[in-house]
Each structure stands twice: as C-alpha cells, then as structure tokens.
Amino acid sequence: MERWSTTPPILRSGDDEYQLDFRVVTHGGSFLVDVAQDRPHSPSWLATAVEETGHGYRAVAMKEFGEGFRLRNAKDLLRYGFYRVSLGDRIRILGALDEMGSLTVAECLSAVGEGRPMATLASLILQGFLEVDLDAALIGPETTVRRIRD
C-alpha cells in the first residue's frame with residue numbers, strides 16, 4: 001500500500017448516498033473500502049457507483065483483521081482525522097525527515113512546536129505525508145516514521 005485516506009468520496013444514486021470508510025492507493029491502482037463488524041451491507045447500486053469513479057471496491061469485515069496490530073493502530077490514528085496541522089509544524093517535521101531519512105515517533109513529537117504533538121503526527125500520517133508500519137506492533141515511541149514522496 002502506498003497511502004490511504006479516511007475521506008473517500010461520498011457516492012450517490014438519485015437521492016441515496018453512501019459513505020465508504022477508506023480510499024487506498026497502491027502500486028496497482030486505487031480502491032474504496034467499506035468496513036463493518038461482519039460483512040458490510042451496502043446498497044445494490046454501490047458497485048456501479050464505485051466503478052464509475054475509477055476505483056475498485058472492497059468490503060471488509062473487522063474480524064478479517066484478526067488479532068493483528070493494523071486495526072488497532074488505524075483506530076488510534078483515526079481519532080485525529082480532523083486535526084489541522086500548522087504549516088510550521090508540517091515544515092519542521094518534513095524538513096527533519098528530509099535531513100535524517102527517518103525518525104522515531106518520539107523524535108517527531110519533540111519537533112512539534114505549535115500544535116498538539118500526537119495529533120500533529122497522526123494527522124500527517126493520515127494525510128499521506130508520513131508513513132509508519134501499522135502491522136509490526138502498536139505505534140510507540142520507537143516506531144520508525146518515514147516521509148512519503150509522490
């Protein structure tokens with residue numbers, strides 16, 4: 001996976017609309033993800049609407065994530081989905097990563113000067129500026145942070 005976003009497009013059919021959970025961009029294309037406790041119960045028109053956007057579609061049951069760390073890390077990050085990062089903090093963190101190549105979460109947090117450190121870092125991850133490994137372990141102070149370049 002190259003990047004993902006928590007703001008996929010709202011799909012419409014007539015007066016009906018449906019909000020999916022994620023947009024994921026990979027080397028092979030992009031797809032929209034619908035997540036539910038079991039299997040999502042999406043409207044019958046959804047597959048056609050997704051296809052018209054040029055994306056693929058994936059319905060995912062939370063139980064498919066098993067006992068791994070990905071879902072727990074994603075939930076932790078998502079609570080900061082609407083946080084707005086200051087320009088100064090974004091430039092400070094991206095500049096440090098340009099210079100160093102990678103930093104730990106703890107090092108990134110100490111670089112935040114204007115906003116809330118964890119909210120700033122999580123928001124930059126969700127916006128596709130930074131990446132962390134969501135599968136290896138729960139995000140912690142020693143987790144490696146890298147810059148994403150398009």
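The following exchange concerns the nonpolar cores and salt bridges of a predicted model.

The model is predicted, with local features needing pLDDT of at least 70, side-chain atom pairs counting only at pLDDT 80 or more, and totals for chains, interfaces and linings using all residues. Residues are numbered from 1 along each chain as its sequence is written, and side-chain values use heavy atoms, with hydrogens and water left out.

Student: Which helix supplies the largest share of the largest nonpolar core?
Tutor: A nonpolar core is a set of buried Ala, Val, Leu, Ile, Met, Phe, Trp, Tyr and Cys residues joined through side-chain atoms within 4.5 Å, where buried means under 20% relative accessible area, exposed over 50% and partly exposed in between (1.4 Å probe, protein chains only). The largest one holds 28 residues, and W4, L77, I93, L121, L130 and V145 touch the most other members. Among the elements that each supply at least two residues are strand 4 (22-26) and helix 3 (87-100); helices (H or I, at least four residues) and strands (E, at least two) are DSSP runs numbered from the N terminus. The largest share, 6 residues, comes from helix 5.

Student: How many residues apart are D98 and R149, which form a salt bridge?
Tutor: A salt bridge places a side-chain nitrogen of Lys or Arg within 4 Å of a carboxyl oxygen of Asp or Glu, and here the N to O distance is 2.2 Å. D98 lies in helix 3 and R149 in the segment after strand 9 (144-147), so the separation is 51 residues.

Student: Is R149 buried or exposed?
Tutor: Its salt-bridge partner D98 is partly exposed at 41% relative accessibility. R149 has a relative accessible area of 55%, and therefore counts as exposed.
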